[in-house]
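Me: I would like a close look at one part of this model, followed outwards into its surroundings. Please give each cut-off as its term comes up.

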Amino acid sequence: MIEIIQQIDDALLIFVAKHLHTPFMDRLMVFFTSLGNSSLLWITITLVLLATKKGRRWGILLTAALIAESLLCDDILKPLFARERPFTRLTGFRDLIKAPGSYSFPSGHTMSSFTAATILFCREKSSGIFFYVIAALIGFSRIYLFVHYPSDVLGGILLGILLAQVIVGAANKIDIS
């Protein structure tokens, strides 16, 4: 099964690399991936929420979610799976960003983005949809830039949504205000 997933991942990566790259898309994808660097976008939104009385509960939840995501993704899952990055296996494709030094699965950019977007969606559906779009673009940028396999991004999406749902559910049970 792992071999089949790897073959599908490779085929999708090569398709994106050969058919979707343009100078404009290159710049756009570098921009979107930079929004996910160190979760800077999500931390900024967290700080804004924490600074307002109305948003404080959601700022606290977002803080907890981003800390949990970082620990789960970077300290547990990436070392556990130890999956090499696409650019180490499939060579000959142009580097548009500095090569990450960590393992590939799951995509941390994607997981943190979908964790945050899910929390923000639970807070307010209409703006949450906007944040899901941003999260999806950040996730796709990781495939486009050849630093993650599609299954890394899919794993980041599913794990991020699940983690956020667990945190929101737990907060609702203990009535964090």
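How many residues line the largest pocket, and which of them lie nearest its centre?

Reply: The largest pocket is lined by 26 residues, and Gly36, Ser38, Ser39, Asp74 and Ser112 are those nearest its centre. The model is a predicted one, in which local features need pLDDT of at least 70 and side-chain atom pairs count only at pLDDT 80 or more, while totals for chains, interfaces and linings use all residues. Residues are numbered from 1 along each chain as its sequence is written, and side-chain values use heavy atoms, with hydrogens and water left out.

The volume of this pocket is about 400 Å³. The search runs on a 1 Å grid over the protein atoms alone: a pocket is an open set of points with protein on both sides within 12 Å along at least five of seven lines, a cavity is a set where a 1.4 Å probe fits but cannot get out, and lining residues have an atom within 4 Å of a point. Points are joined across faces, edges and corners, and a volume is the space filled by probe spheres set on them.

Four helices, α2, α3, α4 and α6, each give at least two residues to the lining of the largest pocket, and α4 has the largest share, with eight residues. Helices here are DSSP runs (H or I, at least four residues; strands are E, at least two), numbered from the N terminus. By class, the lining of the largest pocket holds 14 polar residues, six nonpolar and six charged, where Ala, Val, Leu, Ile, Met, Phe, Trp, Tyr, Cys and Pro count as nonpolar, Asp, Glu, Lys and Arg as charged, and the others, Gly among them, as polar.

Two of the residues nearest the centre deserve a closer look for their backbone. Ser38 sits in the loop between α2 (23-36) and α3 (40-50), and its phi is positive, about 55°, although it is not a glycine. Ser39 is found in the loop between α2 and α3, and its phi, near 55°, is likewise positive in a residue other than glycine. Such values stand out because most residues other than glycine have a negative phi. In accessibility the two serines part ways: Ser38 is exposed, at a relative accessible area of 68%, whereas Ser39 is buried, at 12% (buried means under 20%, exposed over 50%, partly exposed in between, with a 1.4 Å probe and protein chains only).

In helix α3, which follows that loop, one finds Thr46. Thr46 is buried, since its relative accessibility is 4%, and, apart from neighbours within four places in sequence, it is in contact with Gly59, Leu62, Thr63 and Leu66 (contact means heavy atoms within 4.5 Å).

The second largest pocket makes a useful comparison. About 260 Å³ of space lies in it, and its lining is made up of Ile2, Ile5, Gln6, Phe81, Arg83, Phe105, Ser151, Leu154 and Gly155. Both α1 (2-19) and α8 (150-174) supply at least two of these residues. The lining of the second largest pocket divides into five nonpolar, three polar and one charged.

Two members of that lining, Phe81 and Phe105, also belong to the aromatic contacts of the model. The structure has seven aromatic pairs, counted where ring centres of Phe, Tyr and Trp (its six-membered ring) lie within 6.5 Å, with planes under 30 degrees apart called stacked, over 60 edge-to-face and the rest tilted. Phe81 and Phe105 are an edge-to-face pair, because their ring centres are 4.8 Å apart and their planes stand at 75°. This pair joins distant parts of the chain, as Phe81 is in helix α4 (residues 56-81) and Phe105 in the loop between α5 and α6, 24 residues apart. Phe81 is partly exposed, at 46% relative accessibility, while Phe105 is buried, at 17%.

The residue after Phe105 brings a further backbone feature: a cis peptide bond joins Phe105 and Pro106, with omega about -10°. Pro106 lies in the loop between α5 (86-89) and α6 (108-123). For context, most peptide bonds are trans.
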